[in-house]
Amino acid sequence: MIIDVKNVSWERDETSILDNVNWQVKEGEHWCLVGLNGSGKTSLLKIISGYTWPTKGEVKVLDNLYGTVDLREVRKSIGWVSTALMAQLHEHETAFRIILSGREATIGLYSAPREEDVRTAQELLVTFGCEALKNRPYGALSQGERQKVLIARALMAKPRLLILDEPCTGLDLLSREQLLQMIETIAKQPDGPTLVYVTHHIEEILPCFTHTLLLKDGKVDQSGETDQVLTPEELTRFFGVSVDIRRSQGRAWISLGEEAVIR
Ligand SMILES: Nc1ncnc2c1ncn2[C@@H]1O[C@H](COP(=O)(O)OP(=O)(O)OP(=O)(O)O)[C@@H](O)[C@H]1O
């Protein structure tokens, strides 16, 4: 089992932020985590990465029961790409050095990289069509290019679980589709990591995401196979407004229903 969260609740200042969350992610699955702003997505991911301790419940990641293991060791197998990370990296570093720094998940490179790591980083650039970015300073890259570099950086550590926290935020249509292609390539790699993809946007849910969890007000609203979750009925209930779904390229494209009334 990759993730096994049982009856997890998290309270802060007497406010319930996560309420009795149950979530199991098995080997071979890739999940999307969908929720409106403030629904508790980041809080749940922090619990899974061991940065936040739940008020109640049990967390097992990669068969490690939290509370009985060294979390620093578990974290070595978990990659997490987020905008918070993007802001920490040094703008003057080249894209290649940023990718290399993923080996030890450090913010800079503190020793000469091993030959083997240079080879892996080079392979990642080629696999994802990013060779042209290699020697460019990270600060000069577009938002989409930065995201690609950050994902390649996370892959350097060969994580078993890779969390992609809203990677398409701020991307134009083409940059978004390019990034989604990169994510699809990763999902298809036989020895690649299990993906957990966080988004607000249903249309970003690629066919490779076998399962989807809808989180609402800190509770699991619905979870299961993506096709069963992304139906007009489920999503109308989830968003509290009438929505239509059009299917194209294996993805669900959402729009407000003709009769929709937004309150
Ligand atoms: N350390 C904290 N102390 C108090 N409240 C918190 C803390 N962390 C999160 N919250 C609250 O918990 C709720 C859920 O926050 P969280 O960041 O997990 O939501 P989210 O689904 O990731 O939102 P977004 O999509 O906007 O990133 C919010 O109301 C937030 O203000």
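**Exercise 1. Valine 220**

Is valine 220 buried, exposed or partly exposed, and how many other C-beta atoms lie within 10 Å? State also where the residue is found and which residues it is in contact with.

Solution. The structure is a predicted model.

Step 1. Valine 220 is found in strand E10, which covers residues 219-225.

Step 2. A residue is buried if 20 or more other C-beta atoms lie within 10 Å of its own, and exposed if 12 or fewer do. Valine 220 has 19 other C-beta atoms within 10 Å and is therefore partly exposed.

Step 3. With neighbours within four places in sequence left aside, valine 220 is in contact with Val21, Asn22, Trp23, Leu213 and Leu215.

Step 4. Glycine 240 is 20 residues away from valine 220 along the chain, and the two C-alpha atoms are separated by 15 Å.

**Exercise 2. The shell around the ligand**

Identify the residues around the ligand, their division into nonpolar, polar and charged, and the helix that gives the most to the shell.

Solution.

Step 1. Around the ligand are Arg12, Asp13, Ile17, Gly35, Asn37, Gly38, Ser39, Gly40, Lys41, Thr42 and Ser43.

Step 2. One residue of this shell is nonpolar, seven are polar and three are charged.

Step 3. Helix H1, residues 41-48, gives the most, with three residues.

**Exercise 3. The buried face of helix H1**

Determine which residues of H1 are buried, how they are arranged around the axis, and which elements they pack against.

Solution.

Step 1. The buried residues in H1 are Lys41, Ser43, Leu44, Ile47 and Ile48.

Step 2. Viewed down the axis of H1, these residues fall within an arc of 165 degrees, so they line one face of the helix.

Step 3. They pack against E1, E2, strand E3 (31-35), strand E4 (56-61), E8 and strand E9 (211-216).

Step 4. Glycine 50 follows H1 and has a positive phi, near 80 degrees.

**Exercise 4. The two sides of helix H7**

Compare the span of H7 with its expected value, then assign buried and exposed residues to its sides.

Solution.

Step 1. Helix H7 has 16 residues, 173-188, and reaches 23 Å from its first C-alpha to its last, close to the 22 Å expected at 1.5 Å a residue.

Step 2. Leu179, Leu180, Ile183 and Ile186 are the buried residues of H7. They lie on the same side of H7 because they cover an arc of only 110 degrees around the axis.

Step 3. The cover over these buried residues includes helix H6 (143-156), strand E7 (161-165) and strand E8 (194-199).

Step 4. On the face turned away from the buried side are the exposed residues Leu173, Leu174 and Lys188.

**Exercise 5. Positive phi outside glycine**

Describe the phi values of glutamate 14 and asparagine 20, and the setting of each residue.

Solution.

Step 1. Most residues other than glycine have a negative phi.

Step 2. Glutamate 14 has a positive phi, near 60 degrees, and is a residue other than glycine. Its place is in the loop between strand E1 (3-12) and strand E2 (15-25). Glutamate 14 is exposed, because 5 other C-beta atoms lie within 10 Å.

Step 3. Asparagine 20 is likewise not a glycine, and its phi is positive at about 50 degrees. Asparagine 20 lies in strand E2. With 14 other C-beta atoms within 10 Å, asparagine 20 is partly exposed.

**Exercise 6. Two residues of helix H5**

Decide whether glutamate 123 and leucine 125 are buried or exposed, and relate each to a residue distant in sequence.

Solution.

Step 1. Glutamate 123 lies in helix H5, and leucine 125 has its place in helix H5.

Step 2. Glutamate 123 has 12 C-beta neighbours inside 10 Å, so it counts as exposed. Leucine 125 has 20 other C-beta atoms within 10 Å and is therefore buried.

Step 3. Glutamate 123 and alanine 152 are 29 residues apart in sequence, and their C-alpha atoms are 9.9 Å apart in space. Leucine 125 and alanine 95 are 30 residues apart in sequence, with 9.7 Å from C-alpha to C-alpha.

Step 4. Beyond its neighbours within four places in sequence, leucine 125 is in contact with Cys130, Glu131, Lys134 and Ala152.

Notes
Residues numbered from 1 in each chain as written. Predicted model: local features only at pLDDT ≥ 70, side-chain atom pairs only at ≥ 80, totals over all residues. Helix = DSSP H or I, 4+ residues; strand = E, 2+ residues; numbered from the N terminus. Contact = placed C-beta atoms within 7 Å. Near = placed C-beta within 6 Å. Nonpolar A, V, L, I, M, F, W, Y, C, P; charged D, E, K, R; others polar. Expected span 1.5 Å × (residues − 1). Arc of directions from axis to C-beta.
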